[in-house]
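Hi everyone, thanks for coming. Please have a look at the chain on the screen, and then I'll walk you through a few parts of it.

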Amino acid sequence: MNLISLFSGCEGLDLGFEKAGFGIPVANEFDKIIWETFKANHPKTNLIEGYVRLITKTDMEHYLPGEVDGIIVGPPCQS
């Protein structure tokens with residue numbers, strides 16, 4: 001089963017879903033400070049870098065191997 005991850009951070013929430021057997025082929029994160037950590041920790045997930053409101057269906061379809069079964073969202077943490 002495939003999930004899309006939004007507001008992914010360094011993908012801590014997603015790790016639990018991966019351990020439960022879900023695939024996360026594509027994710028989004030706005031904070032550029034996190035991008036390199038995300039890529040190092042999750043090399044199988046394609047990261048779309050930037051503002052979530054600017055992402056289109058076409059942007060994500062490019063990375064999806066098939067159907068999407070759900071979307072997981074990590075609410076942005078405020079300092």
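When I say helix or strand, I mean DSSP runs numbered from the N terminus: H or I over at least four residues for a helix, and E over at least two for a strand. One more word on ground rules: this is a predicted model, where local features need pLDDT of at least 70, side-chain atom pairs count only at pLDDT 80 or more, and totals for chains, interfaces and linings use all residues. Residues are numbered from 1 along each chain as its sequence is written, and side-chain values use heavy atoms, with hydrogens and water left out.

Let's start with helix α2, which covers residues 35–41 and holds Phe38. Is Phe38 buried or exposed? Phe38 is buried, because its relative accessibility is 0%; the scale here is under 20% relative accessible area for buried, over 50% for exposed, and partly exposed in between, using a 1.4 Å probe and protein chains only. And what does Phe38 touch, beyond its neighbours within four places in sequence? The contacts, meaning heavy atoms within 4.5 Å, are Ser8, Gly9, Cys10, Glu11, Ala27, Thr45 and Leu47. With Cys10 in particular, the C-alpha atoms are 4.7 Å apart, although 28 residues separate the two in sequence.

Staying with α2, let's turn to charges. How many salt bridges does a search of the whole structure find? There are three, where a salt bridge is a side-chain nitrogen of Lys or Arg within 4 Å of a carboxyl oxygen of Asp or Glu. Glu36 pairs with Lys39, with 3.9 Å between the closest N and O atoms. Both of these residues sit in α2, three residues apart, or about one turn of the helix. Glu36 is exposed at 57% relative accessible area, while Lys39 is partly exposed at 36%.

Lys39 has another partner, Glu49, and here the closest N and O atoms are 2.6 Å apart. That pair links distant parts of the chain, since Lys39 is in α2 and Glu49 is in strand β3 (residues 46–49), 10 residues away. Glu49 counts as partly exposed because its relative accessibility is 34%.

The remaining pair is Lys57 with Glu61, at 3.8 Å between the closest N and O atoms. These two are four residues apart in helix α3 (residues 57–61), so about one helical turn separates them. Lys57 is exposed at 64%, and Glu61 is partly exposed at 42%. Through shared partners, Glu36, Lys39 and Glu49 are joined by salt bridges into one network.

Now over to the strands. Strand β1, residues 2–6, pairs with β4 in the parallel sense over four bridges; two strands count as paired if DSSP finds at least two bridges between them. One example is Ser5, whose bridge partner in β4 is Ile72. In a regular strand the side chains alternate between the two faces of the sheet. You can follow that along β4: Gly70 and Ile72 point to one face and are buried, whereas Ile71 and Val73 point to the other and are not.

Which residues make up the largest nonpolar core? There are six: Ile4, Leu6, Val26, Ile48, Ile55 and Met60. By core I mean a set of buried Ala, Val, Leu, Ile, Met, Phe, Trp, Tyr and Cys residues joined through side-chain atoms within 4.5 Å. Leu6 also touches several residues farther along than four places in sequence, including Asn28, Val52, Ile71 and Val73.

Finally, the surface. Val73, in strand β4 (residues 70–73), is partly exposed because its relative accessible area is 41%. Together with Phe7, Val68 and Ile71, Val73 forms a nonpolar surface patch with about 320 Å² of accessible area. Patch members have over 30% relative accessible area and no salt bridge; like charges are joined within 9 Å, and nonpolar side chains (Val, Leu, Ile, Met, Phe, Trp, Tyr) within 5 Å. The areas come from the Shrake-Rupley method with a 1.4 Å probe, and for residues only the protein chains shown count as cover.

Phe7 itself sits in the loop between β1 and α1 (12–19), and is partly exposed at 34%. Most residues other than glycine have a negative phi. Phe7, though, has a positive phi, near 50 degrees. Thanks for listening!
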